[in-house]
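Here are my notes after a pass through this model. Have it open beside you while you read.

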Amino acid sequence: MNVHTRQPLLRAHKVSRRFGGLTAVKDVSVDLHHGEIHAVIGTNGAGKSTLINMLSGEIPVSDGRIHLDGRDITTLAQPSRARHGVGRSYQRTTIFPSFSVLENCRLSAQAALQRPWAFWEAADRCNQSLAIAREALDAAGLSDAATAQAGSMSHGKKRQLEIAMCLATRPRVLLLDEPLAGMGSEETERMLSLLEGLKKEHAVLLVEHDMDAVFRVADRITVMVNGNVIASGAPESIRANPDVQVAYLGTH
Ligand SMILES: Nc1ncnc2c1ncn2[C@@H]1O[C@H](COP(=O)(O)OP(=O)(O)OP(=O)(O)O)[C@@H](O)[C@H]1O
């Protein structure tokens, strides 16, 4: 059992999001702690991506507050949140296929370091972003593929590259949207051990449909149905929760 004495790194308190008449997310609270993977699971359309989009700042909340390290970031836009250490990966592929793996990472690092007004820093920033990119590739297990053309890699390696690109922005919080989608079993294993390693240095939110994987790596699981949280807790308690079994896990 995890007993948290420290405040969460990222905290969403009763966040809601309405799209016209539809409430996609309603009064959802989640805490992300350094050293933990917090998985958010739920059926299609439950509101998981909308929740991630609110945490990353891509869309504003309709209600509720979001705190990073105790500071209220609810009204900060995505680029600003990224600079404060909130990183995310996407369901869709965001890489430049004709560039090398290292170059893709370097561009992410450079964008995160960007201070357009400080033109005198340009050369220094270039060296710095290259060093950060190499570190990120190393952390994502892609050092050997640095010179490969990104578009020619397997689906699994491309997903690893997306994580590396996110790491190159030097986040403290990682918001990962379905990192296992479309992966074979070997690729899944590689990604799961990568996630286990990443949680040592980050607070991780994992939205994922692969239940076996979720129950293996998550320290905490929040279950959403129709925009609402129906349960949140340690994996054992979620597996045993009758409401979750009826609403979501089915025969599990
Ligand atoms: N920009 C939008 N405008 C209108 N409705 C939206 C918008 N984004 C999401 N929705 C609706 O909000 C609800 C939640 O969608 P969301 O994508 O967050 O679910 P999800 O749990 O991530 O689903 P999936 O597992 O299929 O990715 C859905 O009914 C969806 O149609």
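The points below go from the overall fold to single residues.

1. Overall picture. Bear in mind that this is a predicted model. The chain carries 9 helices and 10 strands. Its radius of gyration is 18 Å, close to the 18 Å that the globule rule gives for 252 residues, so the chain is as compact as a globular protein of that length. Along the principal axes, the C-alpha atoms fill a box of roughly 55 × 40 × 40 Å.

2. Packing across the chain. Buried residues make up 40% of the 252. If you take contacts between residues at least 6 apart in sequence, 69% of them join residues at least 24 apart.

3. The open sheet. Four strands line up here in the order β2-β1-β4-β5, and the pairing is antiparallel. At the edges sit β2 (22–32) and β5 (71–72), each of which pairs on one side only. The link between β4 (residues 63–68) and β5 is antiparallel and rests on 2 bridges; in one place, H67 has D72 of β5 as its bridge partner. As a reminder, strands of a sheet pair through backbone hydrogen bonds, either parallel or antiparallel.

4. The β9–β10 hairpin. Strands β9 (residues 220–225) and β10 (residues 228–233) run antiparallel and are joined by 5 bridges. Opposite M224 you'll find V229 of β10. The hairpin has 2 residues between its strands, and N226 takes a positive phi near 50°. That's a spot to click on when you look at the turn.

5. The ligand shell. Which residues are around the ligand? They are F19, L22, A24, G42, N44, G45, A46, G47, K48, S49 and T50. Both β2 and α1 (48–56) supply at least two residues of this shell, and the largest share, 3 residues, comes from α1. By class, the shell has 4 nonpolar, 6 polar and 1 charged residues. Note that β2 turns up twice in these notes: as an edge strand of the open sheet and as a supplier of the ligand shell.

6. Helix α5. This helix (residues 155–167) has 13 residues and reaches 19 Å from its first C-alpha to its last, close to the 18 Å expected at 1.5 Å a residue. Is α5 largely enclosed or exposed? Enclosed: 10 of its 13 residues are buried, so the rest of the structure largely surrounds it. The buried residues include the charged-looking names you might stop at, K157, R159 and E162, along with L161, I163, M165 and L167.

7. K199. This lysine is in the loop between α6 (185–198) and β8 (203–207). It counts as buried because 20 other C-beta atoms lie within 10 Å, and 20 is also the cut-off for that class. Leaving out residues up to four places away in sequence, K199 touches G35, E36, I37 and V204. P235, 36 residues away along the chain, has its C-alpha atom 17 Å from that of K199.

8. S62. For a contrast with the buried K199, try S62, in the loop between α1 and β4. S62 counts as partly exposed because it has 15 C-beta neighbours inside 10 Å. Neighbours within four places in sequence aside, S62 is in contact with S16, R17 and R18. From S62 to K200 the C-alpha distance is 33 Å, with their positions 138 residues apart in sequence.

Terms used: Residues numbered from 1 in each chain as written. Predicted model: local features only at pLDDT ≥ 70, side-chain atom pairs only at ≥ 80, totals over all residues. Pairing = 2+ DSSP bridges. Buried ≥ 20, exposed ≤ 12 C-beta atoms within 10 Å, placed from the backbone. Contact = placed C-beta atoms within 7 Å. Expected span 1.5 Å × (residues − 1). Near = placed C-beta within 6 Å. Nonpolar A, V, L, I, M, F, W, Y, C, P; charged D, E, K, R; others polar. Rg over C-alpha atoms; globule rule 2.2 N^0.38 Å.
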